[in-house]
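Visitor: I would like a close look at a single part of this model. Please explain each term when you use it.

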Amino acid sequence: YPADRLKVVKLDVTKPAEVAAAFAKAGEAFGRIDVVYNNAGTWMRAEVEGTSDEDARQLYEVNFWGALDVSKAAVKFFRESNPKGHGGHLLQVSSMVGINPWPLTGMYSSTKFGT
């Protein structure tokens, strides 16, 4: 799509200020947002009991909290900033592993089950 129809914005979903800034930039560019493709995620394959708290928390920051923050910001924008009655589409990407875990994906699967 040409730049006047599509705005791609790089952001770190673990930083709520960057999430808010991305929605503001898109709103400034077009006055509305029609589609949000929420695809941020990171992968980990390890035994649950061998996963450090730091690694587990980072996985949750991206896969659960990051996805949740983008989803909340999208719905808020659709309701409050888009023209009345316009709405929008939120496409949330998760993983089949969230409901059908593979060996060594317990921690990863738990983050995806919530999204």
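Among contacts in the chain between residues at least 6 apart in sequence, what percentage join residues at least 24 apart? After that, please go through helix α2 and what surrounds it.

Guide: The answer is 63%, for contacts between residues at least 6 apart in sequence. Contact here means heavy atoms within 4.5 Å. This is a predicted model, in which local features need pLDDT of at least 70 and side-chain atom pairs count only at pLDDT 80 or more, while totals for chains, interfaces and linings use all residues. Residues are numbered from 1 along each chain as its sequence is written, and side-chain values use heavy atoms, with hydrogens and water left out.

Some context for the helix comes first. The chain has 3 helices and 2 strands, arranged along the sequence as α-β-α-β-α. Helices (H or I, at least four residues) and strands (E, at least two) are DSSP runs, numbered from the N terminus. Along the principal axes, the C-alpha atoms of the chain fill a box of roughly 50 × 25 × 25 Å. Of its 115 residues, 27% count as buried. Buried means under 20% relative accessible area, exposed means over 50%, and partly exposed lies in between (1.4 Å probe, protein chains only).

Now to α2. It covers residues 53–80, and these 28 residues should span 40 Å at 1.5 Å a residue; the end C-alpha atoms are 37 Å apart, which agrees. The expected span is 1.5 Å times one less than the number of residues. The helix has a kink of about 35°, centred on glutamate 61. The bend at a residue is the angle between two axes, one fitted to the seven residues ending there and the other to the seven starting there.

Which residues of α2 are buried? They are Ala56, Leu59, Val62, Asn63, Gly66, Ala67, Val70, Ser71, Ala74, Phe77 and Phe78. The elements that cover them include α1 (16–30), β1 (35–38), β2 (89–92) and α3 (106–113).

Take α1 first. The axes of α1 and α2 come within 10 Å and cross at roughly 35°. Axes are lines fitted to C-alpha atoms, for helices over the stretch in contact, and the angles run from 0 to 180 degrees between N-to-C directions. The crossing is right-handed. That word applies if the near helix is turned clockwise from the far one by less than a right angle, and left-handed applies if anticlockwise. On the α1 side of the contact are Pro16, Val19, Phe23 and Gly27, and on the α2 side are Asp69, Val70, Ala73, Ala74 and Phe77. These residues divide into 7 nonpolar, 1 polar and 1 charged. Ala, Val, Leu, Ile, Met, Phe, Trp, Tyr, Cys and Pro count as nonpolar, Asp, Glu, Lys and Arg as charged, and the others, Gly among them, as polar.

Valine 75 is also in α2. It counts as partly exposed because its relative accessibility is 30%. Its C-alpha atom is 8.0 Å from that of glycine 88, a residue 13 places away in sequence.

The strands come next. Valine 35 is in β1. Leaving aside neighbours within four places in sequence, valine 35 is in contact with His89 and Leu91. Valine 35 and leucine 90 are 55 residues apart in sequence, yet 5.9 Å apart in space, C-alpha to C-alpha.

Last is α3, whose buried residues are Met107, Tyr108, Ser109, Thr111 and Lys112. Part of what covers them is α2. Glycine 98 and serine 95 touch α3 residues from the loop before it, between β2 and α3. Glycine 98 is counted as buried because its relative accessibility is 8%. Not counting residues up to four places away in sequence, glycine 98 touches Ser109, Lys112 and Phe113, and on the same terms serine 95 touches Tyr108 and Lys112. Serine 95, at 21% relative accessibility, counts as partly exposed.

Leucine 104 lies in that loop too. Although not a glycine, leucine 104 has a positive phi of about 70°. Most residues other than glycine have a negative phi. Leucine 104 counts as partly exposed, at 42% relative accessibility.
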